[in-house]
Every structure is written in structure tokens, then in C-alpha cells.
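Please look through the structure shown below and follow how its strands and helices are arranged with respect to one another. The text takes up one part after another.

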Amino acid sequence: MSSSHEQYIKYKNWDGGKFLKYTKVENAYFQKALSISGIKPKSLSDILEIGFGNGNFLGFASQHYNNVVGIEANPLLVEKATKNKISAFQSFNELNKQRFDLIVAFDVVEHLTLDELSNFFSEMAAHLADNGAMILRFPNGDSPFGRINQHGDITHKATIG
């Protein structure tokens with residue numbers, strides 16, 4: 001019998017050989033996200049991705065920047081990242097007082113309850129460098145086009161608009 005962590009990896013279709021890989025489209029998306037955020041990519045040295053999942057952004061960032069760290073609740077994915085020489089942890093507590101120029105969380109906040117979001121944002125703020133930035137992506141709960149993404153995943157807990 002497989003664990004819930006293995007089941008989630010299978011549910012998300014992350015069990016192939018695509019860990020830390022990103023497509024040309026994802027490369028363009030990540031470049032554009034950095035560009036429109038106002039972040040100067042050359043000024044980045046410390047990047048944290050929260051909820052790295054299959055590691056698409058983690059792989060992209062580790063090929064372009066020196067210090068890339070990931071947080072992921074699934075211990076199997078943390079182990080995969082570590083085996084690939086990526087610093088990865090299961091919680092903010094393991095980061096000690098490390099601060100980052102950029103913190104990204106793609107498709108993460110909708111997996112938290114509204115009560116959990118306050119603590120989540122406080123933790124992110126505690127690890128953000130003074131002139132740092134955050135990039136968050138989540139389904140738009142106010143949009144009829146975002147609702148299919150919001151309600152198409154049984155692990156989503158909060159609707160954010």
C-alpha cells in the first residue's frame with residue numbers, strides 16, 4: 001500500500017522523470033513573472049520556493065541562480081530535491097533565520113485554510129530580505145475562468161480572489 005505522499009505525487013502526475021525539469025513555455029513564464037514583478041534578476045542571490053512540488057521553478061532557478069532553497073510538505077519530494085543537490089526542507093522552522101531576495105509560491109496558498117494564511121504570510125515576511133519580493137500564483141476565485149482550477153483539485157481549501 002502506498003502512502004498518502006506517494007498517492008499525491010501520483011494524483012499530480014509527478015511520478016515520471018520530470019523532476020526539476022521545465023519546458024520552454026515554463027521557462028518563458030518564469031522569465032516573464034520575474035520581469036513584470038519589477039525584480040531585477042541580476043540582483044537575486046537567495047531564492048526560496050515554497051511548495052515546489054515537481055520542481056519546475058526550482059529547476060529553472062537552480063540553473064540561473066546560486067542559492068536556491070525549497071520548502072515542500074511532501075517528504076518524498078524533499079528527498080528527491082536533496083538527492084539532486086538542492087537545499088530542501090519541510091517547514092519554515094528548518095530555515096533558521098535565513099532571508100531571501102525572492103520568495104515564490106506557485107499554486108500554494110489555495111491549499112491553506114483562511115486561518116492558516118495569516119501565519120503563512122507572517123512566516124514568509126520573516127524570511128524576506130529587506131528589499132526582497134514575493135511572487136504568488138493562485139486560482140482567481142472571483143473569475144469564472146479560475147473556478148475550474150480552484151474547484152478541480154480536492155486539496156484546495158481556500159478560495160482567493
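In this predicted model, helix H5, which spans residues 114-126, lies across strand E1 (46-50), strand E4 (100-106) and strand E5, and its direction makes an angle of about 140 degrees with that of E5.

The three strands that H5 lies across belong to an open sheet, in which 5 strands follow one another in the order E3-E2-E1-E4-E5 with parallel pairing. Strand E3 (87-89) and strand E5 (128-137) stand at the edges of this sheet, and because each has a single partner strand, one side of each is left without a neighbour in the sheet. From one strand to the next, the twist averages 20 degrees. Strands of a sheet pair through backbone hydrogen bonds, and this pairing can be either parallel or antiparallel. At the E3 edge, strand E2, made of residues 67-71, pairs with E3 in the parallel sense over 3 bridges, and Ile71 has Phe89 in E3 as its bridge partner.

Now turn to a pair of helices. Two packed helices are described by the distance between their axes and by the angle between those axes. The axes of helix H1 (residues 4-11) and helix H4 (residues 75-83) come within 8 Å and cross at roughly 75 degrees; since angles of 65 to 115 degrees count as roughly perpendicular, H1 is therefore roughly perpendicular to H4. On the H1 side the contact is made by His5, Glu6 and Ile9, while on the H4 side it is made by Pro75, Leu76 and Leu77. Sorted by class, the residues in this contact of H1 with H4 are 4 nonpolar, 1 polar and 1 charged.

How values were computed
Residues numbered from 1 in each chain as written. Predicted model: local features only at pLDDT ≥ 70, side-chain atom pairs only at ≥ 80, totals over all residues. Heavy atoms only, no water. Pairing = 2+ DSSP bridges. Helix = DSSP H or I, 4+ residues; strand = E, 2+ residues; numbered from the N terminus. Axes fitted to C-alpha atoms, helices over the stretch in contact; angles between N-to-C directions. Contact = heavy atoms within 4.5 Å. Parallel < 35°, antiparallel > 145°, perpendicular 65-115°, else oblique. Nonpolar A, V, L, I, M, F, W, Y, C, P; charged D, E, K, R; others polar.
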